[in-house]
Each structure stands twice: as C-alpha cells, then as structure tokens.
Amino acid sequence: MDIAQERRLVTAVPGPESLRRLERKRQHVADGVGTMLPVFVVAAGGGVLQDVDGNSLIDLGSGIAVTTVGNAAPHVVRRASEQLAAFTHTCFMITPYDGYVDVCAELAELTPGDHAKKSALFNSGAEAVENAVKVARVATGKDAVAVFDHAYHGRTNLTMAMTAKNMPYKNGFGPFAGEVYRAPMSYPFRDGLSGEEAAARAIDVLEKQVGAANLACVVIEPIQGEGGFIVPAPGFLPAIAAWARENGVVLVADEIQSGFCRTGAWFASDDEGVVPDLVATAKGIAGGLPLAAVTGRAELMDSVHAGGLGGTYGGNPVACAAALGAIEEMREHDLPARAREIGATMAGRLASLQETYAVIGDVRGRGAMMAVELCTPGTTDPDPVRTAAVAAHCHAQGVVVLTCGTYGNVFRFLPPLSIPDALLAEAFDVVEEAFAATA
Ligand code: PLZ
C-alpha cells in the first residue's frame, strides 16, 4: 500500500487549500449537492484519505459503505485498468462482453439461497430497487409495494416514494409514485417488541390496509442504513419472509448498504437464514465504481419480456471488471471474517463508551456496520445537537465519521475492511475524546 497508514494533520481541517476549492465548488456546483466534510481528496487507500493540504484522515465511512475492499484496492485497479485499456463501452444490450456475465455468475453463487438465479445489472442502488419492483410487478401481476418506517431506497421518483424520511430526500419533490405502502419496522430500542411481535404488527397493517392479494412485493433492508442502522429484533425478518412466501408476495432484500461482507457475512440476510426472492445490491459490489444489480429466482427474473430490463450503461465493462476485482479481494482476504473482527473491536469500544457517556442510549449493528444512538440520558428523546457536536470534533481531529437516522442522532461506523488495526484503534480514541470534549 503506497499511502502511509497514519493520521497526520498539518493544517486545520478543512485546510486553507480545501477552503479555497470549496469556494470554487460554491460557484459551480448546485447548492442542493451538499458535502459533509469539505476536504478535497487527492488520494486514498487502506484506512486513509489524503487531502490537498497534506492532511491524512482516518476513514470510518468508506464513502457510505462503498469502498469495503478499500480505496484503489489492488485487484480492482488492475482489472479495471486492463479493461479501460481494452474497451470502455459497447452497451451490453447492443454487443455483449464476458465481464457482465461473469458478475452475474458470481452474484448467483454469492447471494443467499441455492436455487437457480439470474441477474440484471444497473448503475445505482436506486435503479436496482426500481428494477426489483418492476420484476416483482410483472411476475405477480400485482401493483402494490410494501416498505417500512425509516427505510431508505433512493432518490428517484419511485424510490423517493419508498424512502421514509422527508428532509432532505423528498421535500418539495412530489408528487410521488403511487401504490407504495409503509408498515411499522422492528426497532428494538424504541418499541421493545420481540421480532415475532413486531412482524405481527407489520403484517396486520399490510393485511388490513393493503391486502396480500394486491401486494407485488415487500422491500426491506435487513439492517436499515440511512434510517439509523436499525437492526430488527431476531425473528422479525424470518417472520416477514414466511408471510410473504405464504401469500405470493415477492420478498426483496435491499442489501445495497448491508451487502458484500459489510456485516460479517456475504449478505446480511444470511445471518438469519433468510432467502429473499430478489436481492438488490450496489455500493460495495465494485470497490467504488458505479454498479448495481438485481439478482433473484430465475423464474421471477425471466418473467419480464425481452428488452424489458436494461439501460445504456448498466453493467459497464469497467465497472464489471472492478466488481470482479472487488470480489477477488473479498475472497482472497476473507473479508467477511475481517468484518467480524472489526465488528468485535468496535463493539467493545462502543460498549465501554456507553458505560461512561449516558447520552449513548443504544449500541447496535453487526460486523463492520455499527452505530450508537444518542438520546437525552435515561430517555429515548433524540439528541441530534450532541451528535453533530461529536461529529464535528471527530472531523476537526481528522476522523471521517458519518451520522444518520430519522432523528439525525445516530453515529454510524463503516470503516473500509482494509483499515489496519492500529488506525482503527486510533480513530476510536478520537471518538472517545470527542465524547469527552463535548460533554
Ligand atoms: N438502498 C439501503 O443505503 C444509498 C444514500 C446517500 P444509490 N444510501 C446512501 C444519499 O444521501 O444519497 C442506498 C441505500 C439503500 C438504496 C440506496 C440508493 O443507492 O446508489 O445512492 O442510488
């Protein structure tokens, strides 16, 4: 690895050169496109981001769970570079190439279940979710789509309708797509229900307000991402899956954030032995290049008429080569195991933080997808102000942390799985200081 694996601050964060470039961004980039931490990056790898001022920051965000294999990971760079030099695009719908088919073959092997599977490739997570819904509608001949409280599925028109949170994702952007219905999620910290109880509550809403006879699919994140890293109580997902199966409703797992080794398994659905009918993937699949997929039961995928699925760039050859490189990294370094290791370290650090800081109401997550939820001590009243203060402290000290949650009071930790142990430990020292400094 060429980039020194260290945190090194030589200016304030952001530094003067980043601030100068931020001014240029303000001139040319639409204000609606925000940046959480405006340090302009020039190189990244391992667990480090280097900026234009010469600072090295520790990355606990992976560009929102994308660079799971690390930035510029060797197999990704090698395979994508070779492909870049060979050809950059033909459009798979016009003249095909092996990389696309190879990625689909890998997806059939890696996603949950040993039934016959097929895939279609796209560019973004939102596009994958949209296409999963298209497949489910054609396959069932039904229209309605069930989603959950706190869900995040994207920013396109259909996926905005499926996303729960208004600000900033939906406000003013309606009217939204119809036939999307929302059920209560299992949120153990806030509802105290068992998985079975929470599933019964959700199923009751779907049966009374929509009807299984009208439902094409239930779309669920096995661990919710943007909504707050909400891990449903054990038994919730299997109960929803069983109900869907018994009622002819397609179960779609949105594994866009939780998939590809993040939680310590290849997919978060694996942890509870849930076998979705369709799986939407993106983010971690290609080490940073834009690629997304819908993978599912062959007979469901094949229910769509010829030409019904596609797009100019879907399954771009360079992105496919990058995905094959990313999967090679995951296998070669046993990244599911590495995610479990990182998870154990983070869980230990966060549990001890919780003992000291009563503002931490909940520690949750799985593998390298962990979070803390900040509340007024002794209550479940969200504390987004303290959350923002702790994040700001971490950023100023050169640690990139992300927040999330319906109430803006969740810190999420999504380190690249290539982060060295020492750097991870140092990052959590900074997080600890941030809690002390803002107490
Ligand atoms: N489904 C579960 O996490 C993307 C969104 C960041 P795209 N999450 C990060 C932002 O503010 O836009 C996501 C996700 C889940 C779908 C998506 C959408 O994936 O690749 O951003 O379209």
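**Figure 1. Helix H12 and the residues at its two ends.** In this predicted model, helix H12 is followed by Asp334, whose phi is positive, near 40°. Positive values deserve a glance, as most residues other than glycine have a negative phi. The helix itself runs over residues 317-332, 16 residues in all. From the first C-alpha of H12 to the last, the reach is 22 Å, close to the 22 Å expected at 1.5 Å a residue. At the start of H12, look for Asn316: a side-chain oxygen of this residue comes to within 2.8 Å of the backbone nitrogen of Val318. How many of the 16 residues of H12 are buried? The count is 13, so the helix is largely enclosed by the rest of the structure.

**Figure 2. The surroundings of the ligand.** There are 15 residues around the ligand, and those that come nearest are Gly125, Ala126, Arg155, Asp254 and Gln257. Two of the views here centre on ligand oxygen, and one on ligand nitrogen. An oxygen atom of the ligand sits 2.8 Å from a polar backbone atom of Gly125. For Tyr152, the distance from an N or O atom of its side chain to an oxygen atom of the ligand is 3.3 Å. Asp254 offers a side-chain N or O atom at 2.7 Å from a nitrogen atom of the ligand.

**Figure 3. The largest pocket and its lining.** About 1,500 Å³ of space lies in this pocket. Its lining is made up of 49 residues, and Gly63, Ile64, Glu226, Lys283 and Arg412 are the ones nearest the centre. Which elements each supply at least two residues of the lining? They include helix H2 (62-65), helix H5 and strand S14 (402-404). By kind, the lining residues divide into 22 nonpolar, 19 polar and 8 charged. Lys283, one of the residues nearest the pocket centre, belongs to the loop between strand S9 (278-281) and strand S10 (292-297). Here again the backbone is worth a look: phi of Lys283 is near 40°, a positive value in a residue other than glycine.

**Figure 4. Ser62 and Asn131, two buried residues in helices.** Ser62 lies in helix H2 and has a relative accessibility of 0%, so it counts as buried. The side chain of Ser62 makes a polar contact of 3.4 Å with the side chain of Arg262. Asn131 is part of helix H5, which covers residues 125-140. Is Asn131 buried or exposed? Buried is anything under 20% relative accessible area, and Asn131 falls in that class because its relative accessibility is 5%. Asn131 and Val304 are 173 residues apart along the chain, while their C-alpha atoms are separated by 11 Å.

**Figure 5. The loop between strand S7 and helix H9.** This loop joins strand S7 (215-220) to helix H9 (236-246), and Phe229 is found in it. Phe229 has a positive phi of about 50° although it is not a glycine. With a relative accessible area of 0%, Phe229 is buried. Gln224 has its place in the loop between S7 and H9 too, and is buried with a relative accessible area of 1%. The C-alpha atoms of Gln224 and Glu109 are 24 Å from each other, with their positions 115 residues apart along the chain.

**Figure 6. Two cis peptide bonds ahead of prolines.** Most peptide bonds are trans, which makes the following pair good places to zoom in. The bond from Val13 to Pro14 is cis, with omega near -5°. Pro14 belongs to the segment before helix H1 (16-28). Met167 and Pro168 are also joined by a cis peptide bond, with omega about 5°. Where does Pro168 lie? Its place is the loop between helix H6 (157-162) and strand S6 (180-183).

**Figure 7. The largest cavity.** The model holds 3 cavities of 30 Å³ or more, and the largest has a volume of about 40 Å³. Lining this cavity are Ile220, Pro222, Leu237, Leu251, Ala253, Ser269, Val274 and Pro276. What kinds of residues make up the lining? They divide into 7 nonpolar, 1 polar and no charged.

How values were computed. Residues are numbered from 1 along each chain as its sequence is written. This is a predicted model: local features need pLDDT of at least 70, side-chain atom pairs count only at pLDDT 80 or more; totals for chains, interfaces and linings use all residues. Side-chain values use heavy atoms; hydrogens and water are left out. On a 1 Å grid over the protein atoms alone, a cavity is a set of points where a 1.4 Å probe fits but cannot get out, and a pocket is an open set with protein on both sides within 12 Å along at least five of seven lines; lining residues have an atom within 4 Å of a point. Grid points are joined across faces, edges and corners, and a volume is the space filled by probe spheres set on the points. Ala, Val, Leu, Ile, Met, Phe, Trp, Tyr, Cys and Pro count as nonpolar, Asp, Glu, Lys and Arg as charged, and the others, Gly among them, as polar. Helices (H or I, at least four residues) and strands (E, at least two) are DSSP runs, numbered from the N terminus. The expected span of a helix is 1.5 Å times one less than its number of residues. Buried means under 20% relative accessible area, exposed over 50%, partly exposed in between (1.4 Å probe, protein chains only). A polar contact is a pair of N or O atoms within 3.5 Å; within protein, one must be able to donate a hydrogen and the other to accept it, and residues adjacent in sequence count only if both atoms are side-chain atoms. A residue is near a molecule or strand if one of its heavy atoms lies within 4 Å of it.
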